[in-house]
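Have a look at the model below and turn it around a few times before reading on. We'll go from the whole chain down to a few single residues.

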Amino acid sequence: MTETQTKKELSFEDFRAEVLNDYKIAVINRECSLLGRKEVLTGKAKFGIFGDGKEVPQLAMAKAFKNGDFRSGYYRDQTFMMAIGQLTIQQFFAGLYGHSDLEHDPMSAGRQMGGHFATHSLDENGNWKNLTLQKNSSADISPTAGQMPRLLGLAQASKIYRNVSGIENKTNFSINGNEVAWGTIGNASTSEGLFFETINAAGVLQVPMVISVWDDDYGISVHARHQTTKENISEILKGFQRDENAKGYEIITVKGWDYPELVAAYEKASAIAREEHVPVLIHVYQLTQPQGHSTSGSHERYKNAERLEWEGQYDCILQMKRWMLQNEIASVEDLEAIEVEARKNVLEGKKAAWEAYTSPIKQERNELVNLLKSVAEKSNNKVFIEKYAADLAAIKEPIRKELLVVARKVLRLVVKENNKAELAAWITGYTEKIQPKYSSHLFSQSNKNVFSVAEVLPQYDDTAEDVDGRVLIRDNFDAIFSKHKNTLVFGEDVGGIGDVNQGLEGMQEKYGDFRVCDAGIREATILGQGIGMAMRGLRPIAEIQYLDYLLYAIQIMSDDLATLQYRTAGRQKAPLIIRTRGHRLEGIWHSGSPMGMIINAIRGIHVLVPRNMTKAAGFYNTLLETDEPALVIENLNGYRLKEKMPANLGEFRTPIGVVETVKEGTDITLVSYGSTLRLVEQAAKELLEVGIDAEIIDVQSLLPFDVNHDIVKSVAKTNRLLVIDEDVPGGASAYILQQVVDVQDAYKHLDSKPEALSAKAHRPAYGTDGDYFSKPSAEDIYEKVYAIMHEAKPDQYPQLY
């Protein structure tokens, strides 16, 4: 179709209807913001953060947004979501109230505060939908600029789909890589390192990404002069502008109240990104924030009278209205009619959302009140119980907490009476019914979760060679890339040299630099690449060179990846594999084992700690059959140790959440993992010489942990427990002890105090001696076990010191 034909088809009446519909959407969203603030201030909602002042540029963005595209934004994009047909007025208010039913709040089932948006990439069974047939929004997070790394990966997926052949089910995720990833961010948040890291990475990778910076001159109360050099983000990013000599960005600036210029800017950006795979920055400036940052304060406190007057004049909706009147697109009466109807629609939607939110809770309240009255009739505490029932019945808008508080307090009053059973059953049943509304989907609940994959043991031929561990892991990756065409790996030194330990040696040459590629020194966006690509159907392996470096990416892992399935109630997933290596190297910076910090920060991601490369390879093989994210920590000192080469590379699978008994024993259970396990084995051999027979258990998986409760079975046999770990005191060893002693009830079987042997509280000092005096040694383990046995049998094991 020619440009002339396109213009002819869009008559003035069509154009007018489209503009008026845009105006209606803008006005509806402004009314939602105004009424939403009132709902917070009257106590119906807890907190509000709204998109008022950003309506018109979001309309322009929505016009350029196509099926298959992805948004990675922040918490003010409600107008955009309504404009693409993915948010209704009632859903907006359901999110504000925290409605825990996904049918009413499809964004997060009440798990995120209002203003955080998502679409459903998965059906109710956790299976991928065809993402090319819908407009997509990755689930928002609140941490400022935290959406930027993921945006990079969403854009890179289009690059992969356009340039890599043979990917299965490709048509569900991409049509020749034509999809654009659209990012939105407030001007103040561009001060974050994650923003600059993403900007640089996208310029290097040349991916189809459009970043919109909504610039209203403030970050809460702090003016742009304290945020950005020259008070202008596009000005200081001019060095990224592409030219005839170098690749880079297309940078566009446009006033946030100029409707026709905004539409033109977004059409231009879409064409450049979509067709050329060039990133675009759109700096949308001269925006306003009519109600201030959020419901937690008033912007009149930090904006002077002149600024407030300017904002009144240059409000984007008011300017759009003036433009329509000046160009005779609509009359005053036309626009007033739209405004009246919008206010009516918003009020009706708000009322419907509140009714849908409160009705089931009121019904649950009434059931409990009737039960309490029944219990009261048979109780010696009748007067007190009836008072509880009356008070509960009098609450005009009850919440579920209030129901359980009353029920549990009444249970205390009847605990010694015969009529407690019915109330106790109600509390138990109600909790079992309601708790999943707030706790489900931390991990996958589909038939592809990690527990759905059966163990497959490595097979060995009679001629199986002893090879370096790095050769075994390399050849297993070779099998993986051959078998799984949608798998790719990237990270620092991954491509050309095949990673720092040559575990990917030759893979780039064989599979190309789109599937095995180097990345800059930028751990946060390496993680972001992986998250975004995994959200679009690829199976990325993001390599963080050393475990210590994970700290650069821990915020992205914790706030974004680990919470993704949870905060979408199972409607989005990112089965990213994070590969790293650590433990027992010499020096402060490459030998850290901050496992306690990691496992407590990234609940929602599996944490796997294989003791050798065979186990590690088995974990990779297992994970690629699942739909869950995981961190695999290989042993730094295991790449040169010899292991037998399995015959079934790419096929054998290490079970996740299952421990392994490495050595059976009768006197004490020793629990450890990773590199330290070899020291435990050495110490156990030496302990045998004095008659102490230790049982050794390899944890293998910290998250999930010993799902079969095999460790407690060992403790029941040995009656003693020692956990050995190279994390700091109170780190992973404390977690393991809590799991074994508390969760598994091992305390019942203990004849000696359960103990932990960990590293010193400081970082490991440099050199072999530094390692010896910083982390547990074989001698430390020997003497710790000996001391436990001395306490139990002092005559047989006299004190060493």
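What follows is a short tour of this chain, from its overall build to some of its details.

Keep in mind that this is a predicted model.

**The whole chain**

Start with the broad view. The secondary structure adds up to 27 helices and 22 strands. The radius of gyration is 30 Å, close to the 28 Å that the globule rule gives for 801 residues, so the chain is as compact as a globular protein of that length. If you draw a box along the principal axes, the C-alpha atoms fill roughly 100 × 85 × 45 Å.

How much of the chain counts as buried? Of the 801 residues, 59% do. The surface that the chain exposes comes to about 32400 Å², and carbon and sulfur atoms supply 50% of that. Now think about contacts between residues with a separation of 6 or more: 79% of them link residues 24 or more positions apart.

**The nonpolar cores**

Next, go inside. The largest nonpolar core has 121 residues, and Ile211, Met595, Leu702 and Ile736 touch the most other members. Helix H6 (residues 147-163) gives the most to this core, with 8 residues. Apart from it lies another core, of 69 residues, which includes Met107, Val263, Val278 and Val346.

Let's stay with Ile736 for a moment. Leaving aside neighbours within four places in sequence, Ile736 is in contact with Val671, Tyr673, Val699, Leu702, Phe705 and Val723.

**Helix H25**

Ile736 is one of the buried residues of helix H25, along with Ala732, Ser733, Tyr735, Leu737, Gln739, Val740 and Val741. What covers them? The cover includes helices H21 (595-601) and H24 (710-718), plus strands S18 (668-672), S20 (701-703), S21 (721-724) and S22 (755-757).

You can also check the length of H25 (residues 732-743) yourself. At 1.5 Å a residue, its 12 residues should span 16 Å, and the end C-alpha atoms are 15 Å apart, which agrees. Just after H25, Asp745 takes a positive phi of about 60°.

**Buried or partly exposed?**

Here are four residues with their relative accessibility; a residue counts as buried under 20%.

| Residue | Relative accessibility | Status |
|---|---|---|
| Cys316 | 1% | buried |
| Glu311 | 5% | buried |
| Cys517 | 11% | buried |
| Ala393 | 42% | partly exposed |

Take Glu311 from the table. Glu311 is found in helix H10 (residues 305-313). Not counting residues up to four places away in sequence, Glu311 touches Thr288, Gln289, Pro290, His299 and Lys303.

Ala393 sits in helix H13 (residues 382-394). With the same neighbours in sequence left out, Ala393 touches Arg365 and Val369. Lys344 is 49 residues away from Ala393 along the chain, and their C-alpha atoms are separated by 32 Å.

**What about disulfides?**

A disulfide is a covalent bond between the sulfur atoms of two cysteines. How many does a search of the whole structure find? The search finds 0. Why does Cys316 not form one with Cys32? The sulfur of Cys316 is 15 Å from the closest cysteine sulfur, the one in Cys32, and that is too far for a bond.

Methods. Residues numbered from 1 in each chain as written. Predicted model: local features only at pLDDT ≥ 70, side-chain atom pairs only at ≥ 80, totals over all residues. Heavy atoms only, no water. Core = buried A, V, L, I, M, F, W, Y, C linked by side-chain atoms within 4.5 Å. Buried < 20%, exposed > 50% of the residue type's maximum accessible area, 1.4 Å probe, protein only. Helix = DSSP H or I, 4+ residues; strand = E, 2+ residues; numbered from the N terminus. Contact = heavy atoms within 4.5 Å. Disulfide = S-S within 2.5 Å. Rg over C-alpha atoms; globule rule 2.2 N^0.38 Å. Areas by Shrake-Rupley, 256 points an atom, 1.4 Å probe, with all protein chains shown as cover. Expected span 1.5 Å × (residues − 1).
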